[in-house]
Every structure is written in structure tokens, then in C-alpha cells.
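Take a moment to turn the model around on your screen before reading on. We will walk through it together, one part at a time.

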Amino acid sequence: MPSRRPPRPLLLLALACSLGLLGCSGPSSTRAPSALPSAFPNHSADQIRTRLQQPSDTLQRYAAEARVSVRTPSENRSFNAQIRQEKADSLFMRFSLFGFEGGRMLLTPDSVFFYDSRKQTLRVGPVAKAQQILPAPVASDEVFDNMLGLASPDGPTDWTVTADSTRYYLSDPEEHRRWTVDPRHWRVVRFTRTDGNGTILEKRRFSNFHTTQGLTLPRRVIFERPQENLRAQIDYKQIQLNPSRLSFTLGVPPNVPRRPLR
């Protein structure tokens, strides 16, 4: 009887850097949105950015487990992932399907290494190359916060702030980037990037917020690149914040052939 095949290397890599963070290790609870802050809807862009960033100042690393669903032009697939990451450093992931390991991935600030456990092959490439096939940002200064659902608008941009009855919306001068912020728990719930014609190039969504070790994080993170029909959804099961030690060893056997990333 043939065994069920694990995910393909490209599919594994395509979801790898999309992964984020849930929160279920140690004391945790679902957090209902609190009341709107008294200054709403009159916060400035700088005040909004400060409130988004403050709670996570001490977060430097995490370990997590997640269920991931990925859609590409050729197939849909779901599988499990073990994740470890250090801020501004490395991201490690191990993928499995039906109890079989499919591969392990290491993302460093400048390179991507993917070990195909089934084919006993190590694929290597630059981060810039990997970004072409990933639905999420993979640059080292972005991936950590996006994986955690802690992304926020950058400082130098002259953001325009608008509001409705419950949320803030920050847009850049060209209106190509738009952030949706829920001030009840000071988290970004949606980000979109468009081209000059208004076509959506990228979407990020953060939802099902949960409190872990005093920090509010999303249970679900979704990254999309609609024009390429790429989508990754991450539903988190467990998380440990700031563990004392993390290993980023790929554990590749000796003499495994190296191949370019594709």
C-alpha cells in the first residue's frame, strides 16, 4: 500500500515564512475586546504606532506549533508545523503530514535553506529569490512582527488617519498601503498593498486574538498575494514566549546534495 506523500518542497517553503504566533503555552485566555479608549477617534498616527508597538518591546523569541493551509495555482494542502524564531535572526520550521516529516526550513537574514526529508536534498537560495514565491514578507526586519501579528506602520511615512465607529485606518500619501487597526486591543487586523490602479497585490489579516503571558496575539494569520493565487492560513495551537534556549540546527545528514532553490 503506497504511503501518503508529504508536502512538496516549494509548497512547504511557500507557507514557511507566513507562519505566525498564537498563544497557548502556560496561562492563557480568549480575550474579548475591551471598550474603546477615551481618546478615540482622535489619536494621531504616532500615538497609534506607539500603542501598537509598546506591549511587545520585551519579546525576543518564541516556539510554536500550528496547523497550516496553503493554496497555490496547482494545489491546496494542509499540514502541521513546528516553528522557532529569534528576532532579527533566524527562523526554523519543521513540516509534517499524516505523521510523516516533509522537510525542515531555516531562514536567515540573507539565505533560505530547505531540507527535503523525503528526497534527501538540501535546497539553498537567497532571501530575495525566496520572496518571489512566498505570500508573506521574508526580510529579517519584517518577518518576526508579521509572524506574530505585531506588524505596525513604519515611522517616516506621513500617514493619513481616518476612523469609523470602531477602527482606525492609516493610509500612505499614495494610498498604496492601508492599515486597519482595532484600538480596543491595539492590534492591526488587516493590511493591504495595491498598485497605481488600485489592484490588490498583497493582503495580511490577523484575527481570533488570544492573551498569552500578558500579550495579545492572533490565533489566525492569513497572507495572500491575489494576483499569483497564493494564500497561506495559519491556525496556531501552542506557543511559548521568550524560551531560554532555541535550536536552529537543520540536522542535515552528511553528503546530502545541495540544489538551488526553485
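A useful idea to begin with is how much of a residue can be reached from outside: a residue is called buried when its relative accessible area is under 20%, exposed when that value is over 50%, and partly exposed in between. Let us try this on His176, whose relative accessible area is 31%, so His176 counts as partly exposed. Please keep in mind throughout that this is a predicted model.

Where does His176 sit? You will find His176 in the loop between strand S9 (168-171) and strand S10. Leaving aside neighbours within four places in sequence, His176 is in contact with Thr192, Arg193, Thr194, Asp195 and Gly196. Look at Thr194 in particular: His176 and Thr194 are 18 residues apart in sequence, and their C-alpha atoms are 4.9 Å apart in space.

Now zoom out to the whole protein. Its secondary structure comes to four helices and 15 strands. Of its 262 residues, 49% count as buried. Contacts also tell us something about the fold. Among the contacts with a separation of 6 or more, 58% are between residues 24 or more positions apart.

Next, look for the largest pocket, which has a volume of about 370 Å³. It is lined by 22 residues, and the closest to its centre are Glu142, Asn146, Ser152, Trp179 and Arg204. Several elements give two or more residues to this lining: helix H2 (45-53), helix H4 (140-148), strand S10 (177-182), strand S11 (187-194) and strand S12 (200-212). Which of the elements gives the most to the lining? That is H4, with four residues. Sorted by class, the lining of the largest pocket has eight nonpolar, four polar and ten charged residues.

Charged residues lead us to salt bridges, and the structure holds 15 of them. Some are joined up: Glu142, Arg193, Glu202 and Arg204 are linked in a network of salt bridges. You have already met two of these names, since Glu142 and Arg204 are among the residues closest to the centre of the largest pocket. Let us stay with Glu202 for a moment. Glu202 is in strand S12, and with a relative accessible area of 6% Glu202 is buried. The side chain of Glu202 makes a polar contact with the side chain of Arg204, at 2.9 Å. Leaving aside neighbours within four places in sequence, Glu202 is in contact with Pro137, Phe191, Thr192, Arg193, Glu224 and Pro226.

Glu224 takes part in a salt bridge too, and its partner is Arg205, with a distance of 2.6 Å from N to O. Arg205 lies in strand S12 and Glu224 in strand S13 (residues 215-225), so this pair ties together parts that are 19 residues apart in sequence. Are the two partners buried or partly exposed? Arg205 has a relative accessibility of 29% and counts as partly exposed, whereas Glu224, at 9%, is buried.

Another pair to find is Arg220 and Asp235, whose side chains meet in a salt bridge of 2.6 Å, N to O. This pair links distant parts of the chain, with Arg220 in strand S13 and Asp235 in strand S14 (residues 230-241), 15 residues apart. Arg220 is partly exposed, at 28% relative accessibility. One more salt bridge joins Arg177 and Asp172, with the closest N and O atoms 3.2 Å apart. Here Arg177 is partly exposed, with a relative accessible area of 23%, while Asp172 is buried, with a value of 5%.

Finally, let us look at the backbone. Most residues other than glycine have a negative phi, and most peptide bonds are trans. Which residue breaks the pattern for phi within strand S12? Asn208 is not a glycine, yet its phi is positive, at about 55°. Asn208 lies in strand S12 and is partly exposed, with a relative accessible area of 42%. Asn242 also has a positive phi, of about 50°, although it is not a glycine. Asn242 is found in the loop between S14 and strand S15 (258-260), and at 32% relative accessible area Asn242 is partly exposed. As for peptide bonds, the one from Phe40 to Pro41 is cis, with omega near 10°. You can locate Pro41 in the loop between strand S1 (28-30) and H2.

Definitions and conventions. Residues are numbered from 1 along each chain as its sequence is written. This is a predicted model: local features need pLDDT of at least 70, side-chain atom pairs count only at pLDDT 80 or more; totals for chains, interfaces and linings use all residues. Side-chain values use heavy atoms; hydrogens and water are left out. On a 1 Å grid over the protein atoms alone, a cavity is a set of points where a 1.4 Å probe fits but cannot get out, and a pocket is an open set with protein on both sides within 12 Å along at least five of seven lines; lining residues have an atom within 4 Å of a point. Grid points are joined across faces, edges and corners, and a volume is the space filled by probe spheres set on the points. Ala, Val, Leu, Ile, Met, Phe, Trp, Tyr, Cys and Pro count as nonpolar, Asp, Glu, Lys and Arg as charged, and the others, Gly among them, as polar. A salt bridge is a side-chain nitrogen of Lys or Arg within 4 Å of a carboxyl oxygen of Asp or Glu. Buried means under 20% relative accessible area, exposed over 50%, partly exposed in between (1.4 Å probe, protein chains only). A polar contact is a pair of N or O atoms within 3.5 Å; within protein, one must be able to donate a hydrogen and the other to accept it, and residues adjacent in sequence count only if both atoms are side-chain atoms. Contact means heavy atoms within 4.5 Å.
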